[in-house]
Amino acid sequence: MRGVRVGAWSGVGLVLGLAMFLVSFAPSLLPRQWLWQGLVGGFSAATGYLVGYLLEMTADAIMRLLGIEVQVSWHQTGGFWILVVLGAAALAIGWWWSVREHRETARLVGMPQRPAWHDIAATAVALATMVVLMLLIRGIALFTTWVTQGLDLFLPSVLSIVGALVVAIIVVRMVNKMVFNQALERVSRQADKLDRRRPRGLRAPQLSTRSGSPGAVQSWDELGRRGQIFTSCGPGADDITAVIGWPAVEPIRIYASLGDGGVEEAVELAMAEVRRTGALERGTLVLDTPAGRGWVDEFSVQAVEYLTAGDCATVSVQYSKLASAFVFLADPETPRACARALFAALDEAIADLPPERRPKVYTSGESLGSYGGHGAFVDADDMLAQVDGALWIGTPGFTEICRDLTRSRMRGSPEITPVIDNGRHIRFVTTPTELVADAFGRPLGEWEAPRVVYIQHASDPMCRFTGDLAWREPDWMRERAGSDVNGSLRWWPLVTWFQISTDMLTSMDTPAGHGHIYEDELVPLWAAVLGRTDAPVTAITAAIRSSVDVLKRPLSLSGSGNSGS
């Protein structure tokens with residue numbers, strides 16, 4: 001058996017490649033940009049062809065070892081033209097179906113419908129990518145065939161497989177060394193330049209309760225762009241009083257930027273600010289681990305400031321100037337180490353205080369900030385033992401503690417909103433309305449302190465992405481849970497991994513309440529965690545919304561959005 005061939009190509013590879021090409025256009029969590037959809041289609045098809053080719057070569061090796069010879073001529077049987085006709089028909093039907101389903105996905109998450117040229121361009125990019133990659137695979141196959149020419153038995157097929165794998169490993173290592181590392185260095189230099197750009201329309205704080213103010217350990221210019229935004233924004237005591245209707249105090253905001261001394265130095269600077277501002281004298285202390293570039297969510301921080309009438313201090317330490325994706329690829333341990341070091345330093349300082357004077361300690365983080373913030377704890381029990389509450393926002397699916405909790409959920413509860421111990425301490429929600437009942441409307445048990453909330457939109461690919469998505473169907477796909485997720489969503493080996501990966505690239509383009517955008521819902525969630533159920537949540541939400549909208553305008557003019565994750 002010399003393989004099932006269509007001309008010079010693997011017949012099995014072409015069939016499998018066509019199948020993966022078609023399913024790559026199936027709907028996923030979010031509508032994708034035409035470029036990303038095209039790349040997903042091209043890479044999926046090439047991967048399918050490669051898998052089919054390797055399977056064919058493996059079968060060829062086994063047949064040769066057993067002395068069995070099978071010959072199939074696609075041209076004599078008309079198989080070539082059958083494949084062409086079936087492929088063209090499947091492509092037309094699949095294209096029409098995918099256009100319809102992508103429009104439904106856009107409707108569910110409140111995004112605008114894509115124009116017709118979007119789907120045409122995506123198909124063109126997919127075909128071009130597929131051709132380039134398949135030619136590369138064919139070139140490797142010809143090279144290994146040439147190297148093994150003249151060898152008998154099953155060695156040519158075996159060496160073709162081994163050769164293809166060896167070449168693939170070498171190419172990956174070369175790309176990592178020559179391309180990725182150089183790209184990372186360039187991105188790091190650009191990130192450093194961006195961090196030094198002062199945000200337009202903002203001024204250095206003058207109140208001593210803010211880092212960057214006169215007398216602070218770091219000047220405002222030293223805090224970097226994200227630190228400057230964090231310390232210059234937010235409500236003052238008068239703003240809070242006007243909204244909640246009773247006297248407030250100035251909230252404390254502490255921020256330490258990353259310098260040459262690394263995370264250890266940044267934590268020391270933050271602790272110096274804790275002592276200078278009297279942060280431990282406040283009733284509420286929040287450790288907010290930032291996302292990439294040092295970004296902290298204003299909705300989350302301001303929610304606590306309003307709900308506590310300003311009697312709070314928020315501490316945040318920048319661990320990288322890179323965007324979240326680059327941090328995770330290049331140095332995933334640093335965010336965890338930073339949170340661990342800051343929590344240990346604060347815990348030691350609090351332990352020196354008399355019990356009656358100690359603040360209540362809460363922790364929070366969004367996106368990579370949530371992943372990093374979990375690094376301060378060994379497991380969920382350790383977290384409950386050390387904090388008075390937590391709000392984890394858009395937690396990545398690969399976060400260990402979160403994954404362990406999800407696996408231990410009560411029988412019958414869905415993966416996107418798992419019920420843990422009948423909601424005694426920890427509750428997973430996609431919207432604030434799910435704080436009191438599970439996904440099926442069944443009331444949860446009494447909610448005891450400390451209270452921990454995980455907010456994860458059903459359509460947030462960051463929360464759904466895991467490495468084993470390539471070969472294992474997750475429970476959340478079988479459960480069809482989530483009001484803003486397309487009911488036609490299905491799991492496909494490898495393809496779904498590609499789809500969810502690219503969904504993460506557009507997860508910040510959705511309206512609030514979908515994808516990876518968390519805003520208004522954070523106020524009622526913090527109210528529940530803090531036990532301030534009598535607070536004017538609607539008025540607070542409106543005030544924060546107005547503040548954040550004003551903040552976005554000057555930042556967008558200076559080339560930065562509202563999120564650094």
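This is a chat about how one predicted protein model is put together.

Reader: What am I looking at, and how are the residues numbered?
Author: Residues are numbered from 1 along each chain as its sequence is written, and side-chain values use heavy atoms, leaving out hydrogens and water. The model is predicted, so local features need pLDDT of at least 70 and side-chain atom pairs count only at pLDDT 80 or more, while totals for chains, interfaces and linings use all residues.

Reader: Okay, how many helices and strands does the protein have?
Author: It has 20 helices and nine strands. Those are DSSP runs numbered from the N terminus: H or I with at least four residues for helices, E with at least two for strands.

Reader: And how much of the protein is buried?
Author: Buried residues make up 53% of the 565 residues. Buried means under 20% relative accessible area, exposed means over 50%, and partly exposed is in between, using a 1.4 Å probe and protein chains only.

Reader: Which residues touch the most others in the largest nonpolar core?
Author: Leu342 and Tyr454 touch the most other members, out of 47 residues in that core. Helix H9, residues 262–277, gives the most to this core, with seven residues. A nonpolar core is a set of buried Ala, Val, Leu, Ile, Met, Phe, Trp, Tyr and Cys residues joined through side-chain atoms within 4.5 Å.

Reader: Is there some general background on that?
Author: Yes: in soluble globular proteins, nonpolar side chains tend to be buried together.

Reader: What does Tyr454 touch?
Author: Leaving out residues up to four places away in sequence, tyrosine 454 touches His374, Met383, Trp392, Thr395, Ile401, Cys402, Leu405, Ile426, Arg427, Phe428 and Val429. Contact here means heavy atoms within 4.5 Å. Apart from the largest core lies another core of 34 residues, with Phe299, Leu307, Val523 and Val529 among them.

Reader: Phe299 and Val523, huh. Which helices meet there?
Author: Helix H10 (residues 298–307) and helix H19 (residues 522–530) pack at an angle of about 50 degrees, with their axes 9 Å apart. That makes H10 oblique to H19. Axes are lines fitted to C-alpha atoms, for helices over the stretch in contact, and angles run from 0 to 180 degrees between N-to-C directions. Under 35 degrees counts as roughly parallel, over 145 as roughly antiparallel, 65 to 115 as roughly perpendicular, and the rest as oblique.

Reader: So who's touching whom?
Author: Phe299, Ser300, Ala303, Val304 and Leu307 of H10 meet Leu522, Val523, Trp526, Ala527 and Leu530 of H19. By class, that contact has nine nonpolar, one polar and no charged residues. Ala, Val, Leu, Ile, Met, Phe, Trp, Tyr, Cys and Pro count as nonpolar, Asp, Glu, Lys and Arg as charged, and the others, Gly among them, as polar.

Reader: Is serine 300 buried or exposed?
Author: Serine 300 is buried, with a relative accessible area of 2%. This residue lies in helix H10 and touches Asp288, Ser364, Ile393, Leu522 and Trp526, not counting residues up to four places away in sequence.

Reader: Switching ends: how do H1 and H2 pack?
Author: Helix H1 (residues 11–23) and helix H2 (residues 34–66) pack at about 150 degrees, with their axes 7 Å apart. That makes H1 roughly antiparallel to H2. The residues of their contact divide into nine nonpolar, eight polar and one charged.

Reader: Back to the strands. Where is valine 452?
Author: Valine 452 is in strand S9, residues 451–455, and counts as buried at 0% relative accessibility. The C-alpha atoms of valine 452 and leucine 530 are separated by 9.9 Å, though the two are 78 residues apart along the chain.

Reader: Anything odd in the backbone?
Author: A cis peptide bond joins alanine 449 and proline 450, with omega about -5 degrees. Proline 450 is in the loop between strand S8 (426–429) and S9.

Reader: Which residues other than glycine have a positive phi?
Author: Aspartate 421 has a phi of about 50 degrees, and leucine 494 has one near 65 degrees. Aspartate 421 sits in the loop between helix H15 (400–407) and S8, and counts as partly exposed at 49% relative accessibility. Leucine 494 is in the loop between helix H17 (475–479) and helix H18 (495–503), and counts as partly exposed at 30%.
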